[in-house]
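User: Could you take a close look at one part of this model for me? I'd like to follow a single buried spot and then see what surrounds it.

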Amino acid sequence: MKHLEKAFGNKLAIALFIAPALILFTVVVPLPILHSFYMSFFKWDMLSEMTYTGFENYKELFSDEIFISSIFHTIEITILSLILQVSLGLFLALCIVNITRGRKYYQNAFFIPNVLSSAVIGILWFFVYNYDFGLINSILKTVGLQSLQQEWLSQKYVIFALSITTCWQWVGYHMILYVAAISGIPQDIIEAAIVDGAQGFKMVSKIIIPQILPVLRVSIVLIITGSLKYFDMAWIMTEGGPDFASETIATYIYRTAFNKLQYGLGSAASTFLFAVSILITIVINKFAAKREIAY
């Protein structure tokens, strides 16, 4: 133990331990980003020679109606994912955090979808949403509510349907984070709040949420960055359709670069997505840091 404490007190030893991972991260991670940014100034179909075009790819990108609509679809999915995953995850965490018997069962049950492949979940929910034999319409038919049966992956409902599927996959993960954070709140704070008359919604809004704000910040950043690069589920279930109604920025990048072989235009969209992700992460961290200081 003393040897371990001595090692952790030695800055040179710490530097030697983290150097390999730090070098790997700083060299490997930025390379694809810089390469994509470089390629965004060229026109290239992966077969012929590259042609330098300056900012033409960016001009073409923002004049493309499909790309503009993909931005709005991504924003819609991000907002719905935030509302559904944060509120439901927090609700579930509050429900099971004080359970003594069966708590691990509920945690595992809600966490299981998180370990499944997105491809498996996409195929599973594709059949759940099927109009003729899907689970939702079958239940509605069984209880006599045929009038509510819908084409759940139609233009009108597809964004909401994809957001529900994503929530089903990830809500258990965020619930686990919230349970751990709530369990770490000092008991004397809870008892003092109860003595002051804080219960129910007041306890959650005035005591619990401020106390778990750092974890909420991490959770929100993960949801937003995950939604901004939303690809796998949308591609498996709808391929961005019908009629580009579920086209996200990520599916647009894939379709443009690898289906249409417009690699430069796809790189320009990738650069835009990277810049937006960084900007949003910085804004969230700044805002949350101010709130944490305030509390």
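Analyst: Happy to; here is a walk from one glutamine to its surroundings. This is a predicted model, where local features need pLDDT of at least 70, side-chain atom pairs count only at pLDDT 80 or more, and totals for chains, interfaces and linings use all residues. Residues are numbered from 1 along each chain as its sequence is written, and side-chain values use heavy atoms, with hydrogens and water left out.

Let's start with Gln-85, which sits in helix H5, residues 65-96. Helices here are DSSP runs of H or I with at least four residues, numbered from the N terminus. Gln-85 has a relative accessible area of 3%, so it counts as buried; buried means under 20%, exposed over 50%, and partly exposed in between, using a 1.4 Å probe and protein chains only.

The side chain of Gln-85 has a polar partner: the side chain of His-174, at 3.4 Å. A polar contact is a pair of N or O atoms within 3.5 Å; within protein, one must be able to donate a hydrogen and the other to accept it, and residues adjacent in sequence count only if both atoms are side-chain atoms. Setting aside residues up to four places away in sequence, Gln-85 also touches others, including Cys-167, Trp-170, Tyr-178 and Ile-223. Contact means heavy atoms within 4.5 Å.

Cys-167, one of those neighbours, is itself buried because its relative accessible area is 6%. Its sulfur is 14 Å from the closest cysteine sulfur, in Cys-95, so the two are too far apart for a bond. A disulfide is a pair of cysteine sulfur atoms within 2.5 Å, and by that rule the count is zero. Cys-95 has 41% relative accessibility, so it is partly exposed.

Now to the nonpolar side of the picture. A nonpolar core is a set of buried Ala, Val, Leu, Ile, Met, Phe, Trp, Tyr and Cys residues joined through side-chain atoms within 4.5 Å. The largest one has 25 residues, and Ile-182, Ile-208 and Ile-212 have the most contacts inside it. H5, H9, H10 (187-195), H11 (200-211) and H12 (213-228) each supply at least two of its residues, with H9 giving the most, seven. Beyond its neighbours within four places in sequence, Ile-212 is in contact with Leu-90, Ala-181, Ile-182 and Ile-185. Leu-90 links back to our starting point, as Gln-85 touches Leu-90 too.
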